[in-house]
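Hi,

Here is the structure I promised to send over. Have a look at it first, and then read on for what turned up.

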Amino acid sequence: MKAVTWHSVANGTVDPAQLLTEHEPMADVLKAYREFQDRDPGWLKVALAT
């Protein structure tokens, strides 16, 4: 697997939004952090909605 660098994002080769697997509200930040930390299936990157 090739590493994603900021160059890949800057030149449009990689869309970082495609790496997000979960979207959680800020109110659930502790729950989301625990699930990500525990490596629950499917949790790669999390976006917190503000």
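One term before the rest: a residue is called buried when its relative accessible area is under 20%, exposed when that figure is over 50%, and partly exposed in between. Take Phe36 as a first case: its relative accessible area is 27%, so Phe36 is partly exposed. Please also keep in mind that this is a predicted model.

**The overall picture**

The protein chain has two helices and two strands, and from the N terminus on they run α-β-α-β. The radius of gyration is 13 Å, well over the 10 Å that the globule rule gives for 50 residues, so the chain is more spread out than a compact globule. Along the principal axes, the C-alpha atoms fill a box of roughly 35 × 25 × 15 Å. Buried residues account for 10% of the 50 residues. The accessible surface comes to about 4,300 Å², and carbon and sulfur atoms own 59% of it. As for contacts between residues at least 6 apart in sequence, 33% of them join residues at least 24 apart.

**Helix H1**

Ser8 sits in helix H1, which covers residues 6–10. Is Ser8 buried or exposed? With a relative accessibility of 13%, Ser8 counts as buried. Setting aside neighbours within four places in sequence, Ser8 is in contact with Thr13 and Val14.

**Helix H2 and the charged side chains**

Helix H2 spans residues 29–37, and Leu30 is part of it. Side chains of opposite charge can pair when their charged atoms come close. In this model the count comes to one salt bridge. Which side chains meet in it? They are those of Lys31 and Glu35, at 3.4 Å from N to O. The two residues are about one helical turn apart, because Lys31 and Glu35 are four residues apart in helix H2. Lys31 has a relative accessibility of 40%, so Lys31 counts as partly exposed.

Glu24 is the one I'd click on next. This residue is found in strand S1 (residues 22–25). Glu24 is buried yet has no salt bridge, and the nearest side chain of opposite charge, Lys31, is 4.1 Å away. The cut-off explains why that pair is left out: a salt bridge needs a side-chain nitrogen of Lys or Arg within 4 Å of a carboxyl oxygen of Asp or Glu. Leaving aside neighbours within four places in sequence, the residues in contact with Glu24 are Lys31, Ala32, Trp43, Val46, Ala47, Leu48 and Ala49.

Back to Phe36, which lies in helix H2 as well. Not counting neighbours within four places in sequence, Phe36 is in contact with Trp43, Leu44, Lys45 and Val46. From Phe36 to Glu22 the C-alpha distance is 9.5 Å, with their positions 14 residues apart in sequence.

After the helix comes a loop between H2 and strand S2 (46–49), and that is where Asp38 is found. Asp38 has a relative accessible area of 53%, so it is exposed. The C-alpha atoms of Asp38 and Asp15 are 26 Å apart, for residues 23 apart along the chain.

**Strand S2 and the nonpolar patch**

Ala47 is found in strand S2, and a relative accessibility of 19% means that Ala47 counts as buried. Beyond residues up to four places away in sequence, Ala47 touches Leu20, Glu22, His23 and Glu24. Ala47 and Met26 are 21 residues apart in sequence, with 9.2 Å from C-alpha to C-alpha.

Leu48 is in strand S2 too. At 35% relative accessibility, Leu48 counts as partly exposed. Its C-alpha atom is 5.5 Å from that of Met26, although Leu48 and Met26 are 22 residues apart along the chain. Outside its neighbours within four places in sequence, Leu48 is in contact with Glu24, Pro25, Met26, Val29 and Ala32.

Which residues make the nonpolar surface patch? Met26, Val29, Leu30 and Leu48 do, over about 330 Å². Of these, Leu30 has 58% relative accessibility, so Leu30 counts as exposed.

Cheers

Methods. Residues are numbered from 1 along each chain as its sequence is written. This is a predicted model: local features need pLDDT of at least 70, side-chain atom pairs count only at pLDDT 80 or more; totals for chains, interfaces and linings use all residues. Side-chain values use heavy atoms; hydrogens and water are left out. Patches are made of residues with over 30% relative accessible area and no salt bridge: like charges are joined within 9 Å, nonpolar side chains (Val, Leu, Ile, Met, Phe, Trp, Tyr) within 5 Å. Accessible areas come from the Shrake-Rupley method with a 1.4 Å probe; for residues, only the protein chains shown count as cover. Buried means under 20% relative accessible area, exposed over 50%, partly exposed in between (1.4 Å probe, protein chains only). Contact means heavy atoms within 4.5 Å. Lys and Arg count as positive and Asp and Glu as negative; His and the chain ends are not counted. The radius of gyration is taken over C-alpha atoms; the globule rule is 2.2 Å times the number of residues to the power 0.38.
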